[in-house]
Amino acid sequence: MEIYNKLFIDGEWVNSSTEKQMDILNPATEEVWAQVPEGTVEDVDCAVKAAQKAFNGPWKRMSTYKRSAILRKMGDLMEENANFLAGLETKENGKPLHITTREAKMYNQWWYYYAGITDKIHGETIPFEDHKHIFTIREPIGVVAAIIPWNGPIQLLTWKLTVALATGNTIVVKPAETSPVTALEIAKLTELAGFPPGVINVVTGYGSVVGDRLSSHPDVDKIAFTGYGDTARKIMKSAAESSNIKRFSFELGGKSPNIIFPDADIDKALNAAVEHGFAITGQSCALSSRVLVHRDIYDDFIVKFKEKAAQIKVGNPHEQVDIGPHAHKQQLEKTLSYIQIGKEEGAELVLGGDRPRHLKKGYYVNPTLFVNVKPTMRIAQEEIFGPVVSVIPFSSEEEAIEIANGVSYGLTAAVWTKDIARGHRMAKALQSGMVWLNTYRYTRWVTPYGGYKSSGVGRENGLESIKEFTQVKTVVVDLEG
C-alpha cells in the first residue's frame, strides 16, 4: 500500500493537524491501495496563509520571464513523468491505462502554452480627451482555491494550475477525496520545477471540511471548481456568507447532443457516437449521451450503433480494454438507478443495462443503449455520468435545435452534415459553449472550454481563460497639472 502521510503547504511536506488517514480504493478491485491525510480546517487556514504570503512576496516580485521559465520546467517534468502519472490515475479512477497515458503525454503542452503567455498579459490605453491619459492594468486576483473532480484529476488540475500561475496567482488545491494521489505527486514536481514556497499548496480531505472551508475563507479570492451543480450551489452559498466577494469559474456538467443528419459521413459519425458515448465509462461532461438521429436514417443507424457498441470491451483498466469501472461505488449505483428509470419511463433498452458477469469485483456496468427515447424523459434530461446513451429521432433542423436546447445544460454539442451552411446555422442556434462540426471531443490548450446555462460560469483554456484569473485596474492621469 502507498502511504501519503503529508500535506504540501508552504513548500514543505507537513503533518495534518489530525492523524486521520483516508483510504483510497482501486475501483477495478475495490481494494485499498493508498492512504492520504484527512485534512482539517486548520490545515486549510495554514495553506491559505502560505498562499497569501507568497502572493504578496516572491511570486509577485518575480519577473515574468523567470515565471515563464518555471512553468516551462514544469512542462518538462510533466512530460518526463507522464507514464508514472497515468498509471496512478488509472488506479485512482479506473480510466483505461492506454487513455490516461495518451492524455498524460499531452499535458506538458498546457504548461508550455501558458509559459509563453506570462509576459503577454497587459492592459490597454484608452484615447478620450487630450488632457487625460487613461490606461488599464491587468493584475492577478490573489489566492485561488482549485477544487478538482475525480473523473479527470490530472487534466483538470493542469487546466487550473497553468493559467492561475501564468497570471500571477497563488493556489490551494483540494483534490477529490477518491482521487487525491495524482495531485500529491504533481506537487512533488512543482518542487523540482522551482516554484517559491506557498505558490502551490495541496490539502487532501473531504469536501464537507476542506472544500467548505476554502469556499468560506475570507482570504480566498477566487474559486475554480469542476463538478456537480449542487456542489457549486453550496460553494456559492458558503462564499456568500464569507466576508469577501469571491470570483468563480465553474464547469458543472453537460447533456451533450450529438446531431446526425442524413447527408453526414455516417461511418465517421457512427464511430464517434459510439466512442464518445461510452468512453471512460461515460464519466465526462462532454460525452455524447444524447444522440439525435434524423428519422430518414434512424432505424438503420440504430442497428449499426448496437452492433458496434456490442463490441466494446469492458474490463481491467490496466489491460487493453475500451472502458473500465466507474470511479467509485456511488457513481455505479447512480448509473444503475438511471437505467432502471429509463426502463420505467418506457424507453426501449436494446443493449446492456447490466453488470458484466465475468467481472466479480469492481464498479463495472456494460455499455447501455436506449432507443426511441422521448426528449422529456429523465434519461434524456439529466446527467447520468455512466455508459448510458439515449438515441432520439428528429425530422428537421428546427426540431433538432429544440431537442438539443431543451435541457438545463449547455456545455458541448456536435453536428454531422456535409452541408456547410446547415452546419453554421446549427452552430449559431445551439446553446452550447463548444460546438463541433464533423468531429467530436476535440479540446486543446488553445480552445476555450466552458458552458452555457447550468453547465457553468467562465472559460478554461486559451487566451479567454486569462480573463477568469485576472482583474482590470483603470488609471486616469491628468496631464494638465
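**View 1. E185 and K188 pair up along helix α8.** E185 is buried, with a relative accessible area of 9%. As everywhere in these views, we are looking at a predicted model. The partner of E185 here is K188: their side chains meet in a salt bridge, 3.3 Å from N to O. K188 counts as partly exposed, at 35% relative accessibility. Both sit in helix α8 (residues 181-193), and because they are three residues apart, about one helical turn separates them. An α-helix has 3.6 residues a turn, so residues three or four places apart point the same way.

**View 2. D10 and K53 tie distant parts of the chain together.** The closest N and O atoms of the D10–K53 salt bridge are 3.6 Å apart. The two residues are 43 apart in the chain, with D10 in the loop between β2 (7-9) and β3 (12-14) and K53 in helix α1 (residues 41-55). How open is each end of the pair, D10 and K53? D10 is partly exposed because its relative accessibility is 27%, and K53, at 54%, counts as exposed. While you're here, check the backbone of D10: its phi is near 55 degrees, a positive value in a residue that isn't glycine. Most residues other than glycine have a negative phi.

**View 3. R378 meets E382, and a charged network forms elsewhere.** In the R378–E382 salt bridge, the closest N and O atoms are 3.0 Å apart. Neither end is tucked away: R378 counts as partly exposed at 37% relative accessibility, and E382 is also partly exposed, with a relative accessible area of 26%. Then look at D263, E397, R422 and R425, which are joined into one network by salt bridges that share partners. For the wider tally, a search of the whole structure turns up 17 salt bridges. Side chains of opposite charge can pair when their charged atoms come close.

**View 4. Helix α15 and what packs over its buried residues.** Helix α15 covers residues 397-405, and its buried residues are E397, A400, I401, I403, A404 and N405. E397 is one to remember, as it also belongs to the salt-bridge network with D263, R422 and R425. What covers the buried residues of α15? The cover includes strands β12 (257-260), β13 (290-294), β16 (388-394) and β20 (452-453), along with helix α16 (420-429).

**View 5. F195 in the largest nonpolar core.** This core has 96 residues, and L165, F195 and F305 have the most contacts inside it. Helix α7 (residues 153-166) gives the core its largest share, nine residues. A second, separate core has 27 residues, including L332, A380, V388 and M426. Back at F195, which residues does it touch, setting aside those up to four places away in sequence? They are W59, I70, L71, M74, W111, L165, T190 and I200.

**View 6. Strand β5 between two partners.** Strand β5 (residues 31-37) runs parallel to β1 (residues 2-3), and two bridges join them. Here I3 stands opposite Q35. Strand β4 (residues 21-26) runs antiparallel to β5, with six bridges between the two, and L25 faces V32 across that pairing. The β4–β5 hairpin has four residues between its strands, and in it E30 takes a positive phi near 65 degrees.

**View 7. A nonpolar patch on the surface.** Some residues of the last view come back here: M1, I3, L25 and V32 form a nonpolar surface patch, with about 350 Å² of accessible area together. V32, found in strand β5, is partly exposed because its relative accessibility is 33%.

**View 8. I99 and its contacts.** I99 lies in helix α5 (residues 97-104) and is buried, with a relative accessible area of 9%. Leave aside neighbours within four places in sequence, and I99 is in contact with I280 and D322. For a sense of scale, I99 and E348 are 249 residues apart in sequence and 31 Å apart in space, C-alpha to C-alpha.

**View 9. T281, a loop residue with a positive phi.** T281 sits in the loop between α11 (266-278) and β13. Is this loop residue buried or exposed? T281 counts as buried because its relative accessibility is 1%, which falls under the 20% cut-off. Its phi is near 60 degrees, a positive value in a residue other than glycine.

Definitions and conventions
Residues numbered from 1 in each chain as written. Predicted model: local features only at pLDDT ≥ 70, side-chain atom pairs only at ≥ 80, totals over all residues. Heavy atoms only, no water. Pairing = 2+ DSSP bridges. Core = buried A, V, L, I, M, F, W, Y, C linked by side-chain atoms within 4.5 Å. Buried < 20%, exposed > 50% of the residue type's maximum accessible area, 1.4 Å probe, protein only. Contact = heavy atoms within 4.5 Å. Patch = residues over 30% accessible without salt bridge, like charges linked within 9 Å, V, L, I, M, F, W, Y side chains within 5 Å. Areas by Shrake-Rupley, 256 points an atom, 1.4 Å probe, with all protein chains shown as cover. Salt bridge = Lys/Arg side-chain N within 4 Å of Asp/Glu carboxyl O.
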